[in-house]
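Here are a few short exercises on charged side chains, each with a worked solution. Have your viewer ready and try each task before reading on.

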Amino acid sequence: MEVIIQPTYKKLAAVAAKIIRDALLKKTNLVLGLATGSTPIGVYEALVGMHKTEGLDFSEVTTFNLDEYVGIPPNHPYSYHTFMETHLFSAINIPAENCHIPQSTAVGHAEFCERYEAAILDAGGIDIQVLGIGKDGHIGFNEPSSSLGSRTRIKTLTRSTLEANAPHFGSTIDDVPKMAITMGVGTIMDAKQCLLLASGESKAVAIANAVEGPITAEVPASVLQMHPQTVVIIDEAAASELKRVDYYKQVYANKQELLSKDD
Ligand code: F6R
């Protein structure tokens, strides 16, 4: 795992956006796995900025979102469909038919989940998967105890996740959808590269468990230790419980020095 620690949220978002831009410049039909939530918003803002100022072209890009709540319509103000439209899709030149988000109102969820997996394969697999992390170590909506080999399916959300999302839906956790369709941990692990993003002290324990703890279904993000190409991009606050901060910073500085000599 490569761990990149940046002084601020803005800088971590810029590092992640640059990785995506560099990949897109090399492969115009890039397949992106996307996350919602507060963490990736700065990355999407930076990508929109690159589209507007540099003409970064998304016309051949395909996207697959990690998850969507079950039982709310796509046009609900807090659906992940609305989130993606607001923060990214409406501001770049990506064709609507290239954007895939789980359809949680569809009848026949099991068949839908199979089709979602098949569509990812048909697109050639995910090149870069953007991930946030829950305080309980979830990725996508794969809550603690999720099978580390799981595929796209319906999951029941934990109390911790319901509480984190309650401010969007109303005053209490009773207002939050109880279930979501999510890519599985195994689906995420099939991506060629994963970018795990985290900002703020509230994520510090989850990041320490994911990066330096044992690999366990109790912390689904910890399985990324087994992924050959995961980059963890975090700010100082999210790094505050890590034991090897100095080493990660040294590794990153050395890499930057090597890259600058290649230029
Ligand atoms: C959202 C998702 C979740 C979030 C996680 C962190 O698509 O998959 O795993 O990434 O709950 O959410 P934020 O970024 O809001 O702290």
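The exercises below deal with salt bridges and their surroundings.

This is a predicted model, in which local features need pLDDT of at least 70 and side-chain atom pairs count only at pLDDT 80 or more, while totals for chains, interfaces and linings use all residues. Residues are numbered from 1 along each chain as its sequence is written, and side-chain values use heavy atoms, with hydrogens and water left out.

**Exercise 1.** Find how many salt bridges the whole structure holds.

*Solution.* Start with the criterion: a side-chain nitrogen of Lys or Arg within 4 Å of a carboxyl oxygen of Asp or Glu. Searching the whole structure with it gives 11 salt bridges.

**Exercise 2.** Work out which parts of the chain K255 and E2 tie together.

*Solution.* First, check the contact: the closest N and O atoms of this salt bridge are 3.0 Å apart. Next, place the residues, using DSSP runs numbered from the N terminus (helices: H or I, at least four residues; strands: E, at least two). K255 belongs to helix α8 (residues 245–262) and E2 to strand β1 (residues 2–6), so the salt bridge ties together parts 253 residues apart in sequence.

**Exercise 3.** For the salt bridge between K192 and D127, decide whether D127 is buried or exposed.

*Solution.* The closest N and O atoms of K192 and D127 are 3.2 Å apart. Now apply the classes: buried is under 20% relative accessible area, exposed over 50%, and partly exposed in between (1.4 Å probe, protein chains only). D127 has 10% relative accessibility, so D127 is buried. K192, at 42%, is partly exposed.
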